[in-house]
Amino acid sequence: MALAAKKQIKKVVLAYSGGLDTSAIIPWLKENYDGCEVVAFCADVGQGEEELVGIKEKAIASGASECYVVDLKEEYVKDYIYPIIKTGAVYEGQYLLGTSMARPVIAKAHVEIALKVGADAVCHGCTGKGNDQVRFESCFAALAPQLTVIAPWREWDMVSREDLLDYLAERNIPCSASLAKIYSRDANAWHISHEGGELEDPWCEPSKEVWTMTVDPMDAPDEAGKVMLSFEKGELVAVDGKPMSAYQSLMYLNEKAAAHGVGRIDIVENRLVGMKSRGCYETPGGTVLMAGYKGLESLILDKESLKYRESVGHEFSHVIYDGRWFTPLAKAQLASAASFAEKVTGDVVVKLYKGMAQVTQRRSPNSLYSEAFATFGADDVYDQKHAEGFIRLFSLSSRITALQQADSVITEKK
C-alpha cells in the first residue's frame, strides 16, 4: 500500500482472535499507519468459551481502543450451515467445508462493525498462502468496497512465530503464546481443522495428539448409538423428538457423534491459491446431519431432481470454498437447493458406530417410495410385460448404431 494511502487510514477494525498473530497486528497497525485507531472485532461462531475468556482485556492490553465480541452462533447455523446442507455441498468428495462456511458470516459482521464505528479500513491476519485471505476479501468487496483492506502478512517483514514473539516482547505487550505450538487449528460450531506438525508429510499417519474433538473410533463404545433427526421443509426442527434451536441441535449432535468417533477425515485438498495442503478435520454433528438429510432426501426427490440437486451441490462446494457467498451465482444455487428442500419433511434415524454414521430408517409424508411398486412379491400395479417395450425404446439408439455398424461391415466385405 502506498504511503499516501497509509496516512489516510484513521481507524481500522481488526478481526481479532487473541492469538499471537493478531496480538502483534494491533501495535503494528498503529506504528505503520500513522497512529491510527485500532478497534478489535471477535466473532463468536462456536469456537468454545475458552477461546473467548479475557479476549477484550487482551485486545486492550495490545493497544486496541475497544473490542467488540459478536455472538454469531445461531445466525451461523441457521442462515449459513442449514442452507449449505440443502445443497449437499461436499468439497472434493470429503470436506464438509467447516472453515469455508464460517467466513461469510464473520466477514459480514466485520463489515457491520466497521461501518458502525466509522472505520476507513478492515484488517485480517490471514497469511498470503491460504484460502481465507481470498474468502474474507471477496466478501469485503461485495459488502463494502469503499473500505481499504489491510493484510499485514503481505506487508510486514516478520516470517516466523519467533519474530512475532520478539516483536511483542520489545514492546512489553503480554501474550500467552509460545514457541511450543505444533498444529494450526481453526474451530467453530461445525468443526475443527488441524494442519501443521507431522501432517505436513502426507506419508505420516496422524498421531493421537492431532485429534481433539472426537473419540478414537478404535476406543469408541462397542454398542451402537442412534439419533433421530426431524426435518420440516429442509430445516432441522427436532433431534430425538426434542425441539431445539439450530445451534442447540448442532451441539447435541456434536456430543453424541463425537462419543462414537464420527466425523474424522484426513485429506489432501486443492487450495484456491494453487497449492495442495494436507489437513485433518473433525465434523461429528455435521457428518450426522449431512448423512441424515441426504438419507431423507433420497426418499423424496425423483431421479432427475436428485441428479440436478447433486450437480448444484458439486458446483456450490467450489463456490463456498472459494469465498463467493455474496455473489449472484451463490444466490441462484442456494435458491435452487431451497426449492428442492420444500419437500424434505420427515424423520430419519442415523446409527453411530465406531466412526460411522449410517442411515437406517427414514419416513416422510412426501415419500415417493411405494411398497406396492417396489415389492418383489405379487402386485396389481406393475405389469412386468410392459418393461420389454420400455427397454426397446430406451436402448433404441444403441440398437440403431449396432445395425448401422453391421451394415457397414457387410458393405465393405462386398
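Why does Thr-22 count as buried? The answer is in point 2, after a word on the model.

1. A quick note on ground rules. This is a predicted model, where local features need pLDDT of at least 70 and side-chain atom pairs count only at pLDDT 80 or more, while totals for chains, interfaces and linings use all residues. Residues are numbered from 1 along each chain as its sequence is written, and side-chain values use heavy atoms, with hydrogens and water left out.

2. Start with Thr-22, which sits in helix α2. Thr-22 counts as buried because its relative accessibility is 5% (buried means under 20% relative accessible area, exposed over 50%, partly exposed in between, with a 1.4 Å probe and protein chains only). Setting aside neighbours within four places in sequence, Thr-22 touches Leu-14, Ala-15, Tyr-16 and Ser-17 (contact means heavy atoms within 4.5 Å). Helices here are DSSP runs of H or I with at least four residues, strands are runs of E with at least two, and both are numbered from the N terminus.

3. Leu-14 and Ala-15 bring us to strand β1, residues 11-15, where five of five residues are buried. Lys-11, Val-13 and Ala-15 point one way, Val-12 and Leu-14 the other.

4. What does β1 pair with? Strand β2 (residues 37-44) runs parallel to β1 and is joined to it by five bridges, with Val-12 opposite Val-38. Between these two strands the chain passes through α2 (residues 20-32), giving a right-handed β-α-β crossover (with the strands pointing away from the viewer, the path from the first strand over the helix to the second runs clockwise). Strand β4 (residues 121-123) also pairs with β1, in the parallel sense over three bridges, and there Leu-14 has Cys-123 as its bridge partner. Pairing needs at least two DSSP bridges between the strands.

5. Further along the chain, have a look at the hairpin of β13 and β14. Strands β13 (residues 346-353) and β14 (residues 356-363) pair in the antiparallel sense over seven bridges, with Val-350 opposite Val-359. Two residues lie between the strands, and Lys-354 takes a positive phi near 45°.

6. Last, a helix pair. Helices α5 (residues 73-87) and α12 (residues 328-341) pack at about 75°, axes 8 Å apart, which means α5 is roughly perpendicular to α12 (65 to 115 degrees). Pro-83, Lys-86 and Thr-87 of α5 meet Leu-334, Ala-337, Ala-338 and Ala-341 of α12.

Technical notes: Axes fitted to C-alpha atoms, helices over the stretch in contact; angles between N-to-C directions. Parallel < 35°, antiparallel > 145°, perpendicular 65-115°, else oblique.
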